[in-house]
Amino acid sequence: MDALDGRLLALLAEEPRIGVLELSRRLGVARGTAQARLDKLIARGAIRGFGPEVSPAAIGYGVMSFVTLEISQRYGHPAVTAHLADIPEVLEAHTITGSGDLMCRIVARSNADLQRVIDEIVTYEGILRASTIVALAEQIPYRTMPLVRAASQA
């Protein structure tokens, strides 16, 4: 990751619909250079997608929470993860250290709907316990650009 990669990612973050030709013009590099850098970042997995960023709240899912799950080691992570993947309100699931095994970010339409989602999560017998924390307000949205700037300056 160098300064050019950082500038390229910053431009894509600011204007996701920018074309490679315009990207190269603004970066002051040849189109082939911009395309090669873009291809390299995609191949490395640094760029994970070009789709729209969807706001769950804007499409009716205004309640966000974080759920820590303790799972039965007999079932293991793959089986529990497959169950969670079938629930649309589960946005993310991460294996964690500490008292729990998985941390999930989930959304719901209301507090009553949150209960329905949690009930659906814990119906799987491989999940022993769930502990839920409701998010009241987003203070810092998910972001990566400060990290990109730091990495490209290192």
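Trainee: Which residues does the UniProt annotation "domain: HTH asnC-type" cover?
Mentor: The annotation comes from an unreviewed entry; UniProt positions are given in the numbering used here, feature names are shortened, and annotations may be inferred rather than shown by experiment. The model is predicted: local features need pLDDT of at least 70, side-chain atom pairs count only at pLDDT 80 or more, and totals for chains, interfaces and linings use all residues. Residues are numbered from 1 along each chain as its sequence is written, and side-chain values use heavy atoms, with hydrogens and water left out. According to the record, the annotation covers residues 1-62.

Trainee: How far apart are the end C-alpha atoms over residues 1-62?
Mentor: Helices (H or I, at least four residues) and strands (E, at least two) are DSSP runs, numbered from the N terminus. Over residues 1-62 the chain is 55% helix and 0% strand. The end C-alpha atoms of this stretch are separated by 37 Å.

Trainee: Why do the buried residues of α2 line one face of the helix?
Mentor: Helix α2 spans residues 20-27, and its buried residues (under 20% relative accessible area, with exposed meaning over 50% and partly exposed in between; 1.4 Å probe, protein chains only) are Val20, Leu23, Ser24 and Leu27. On the other side of α2, Leu21 and Arg25 are exposed. Seen down the axis of α2, the directions from the axis to the C-beta atoms define the arc. The buried residues line one face because they fall within an arc of 95 degrees.

Trainee: Which elements give two or more residues to the largest nonpolar core?
Mentor: A nonpolar core is a set of buried Ala, Val, Leu, Ile, Met, Phe, Trp, Tyr and Cys residues joined through side-chain atoms within 4.5 Å. The largest has 17 residues, and those with the most contacts inside it are Leu69, Leu84, Val90, Ile106, Ile121 and Ile127. The contributing elements are β1 (63-71), α4 (76-85), β3 (102-108) and α5 (111-122).

Trainee: How many residues has the other core, which lies apart from it?
Mentor: Among the residues of this other core are Leu8, Leu12, Ile18 and Leu27. Leu27 is also one of the buried residues of α2. The size of this core is 15 residues.

Trainee: Which strands stand at the edges of the sheet?
Mentor: Strands pair if DSSP finds at least two bridges between them. Four strands form an open sheet in the order β2-β3-β1-β4, with antiparallel pairing. Each edge strand has a single partner, so one side of each is left without a neighbour in the sheet. The edge strands are β2 (90-95) and β4 (127-135).

Trainee: Which residue in β3 stands opposite valine 90?
Mentor: β2 and β3 run antiparallel and are joined by five bridges. Opposite valine 90 stands isoleucine 106.

Trainee: At what angle does α5 run to β3?
Mentor: Axes are lines fitted to C-alpha atoms, for helices over the stretch in contact (heavy atoms within 4.5 Å), and angles run from 0 to 180 degrees between N-to-C directions. α5 lies across β1, β2, β3 and β4. Its angle to β3 is about 140 degrees.

Trainee: What is the relative accessible area of glutamate 89?
Mentor: Glutamate 89 lies in the loop between α4 and β2. Not counting residues up to four places away in sequence, glutamate 89 touches Tyr61, Arg105, Ile106, Val107, Arg116 and Val117. Glutamate 89 is buried, at 7%.
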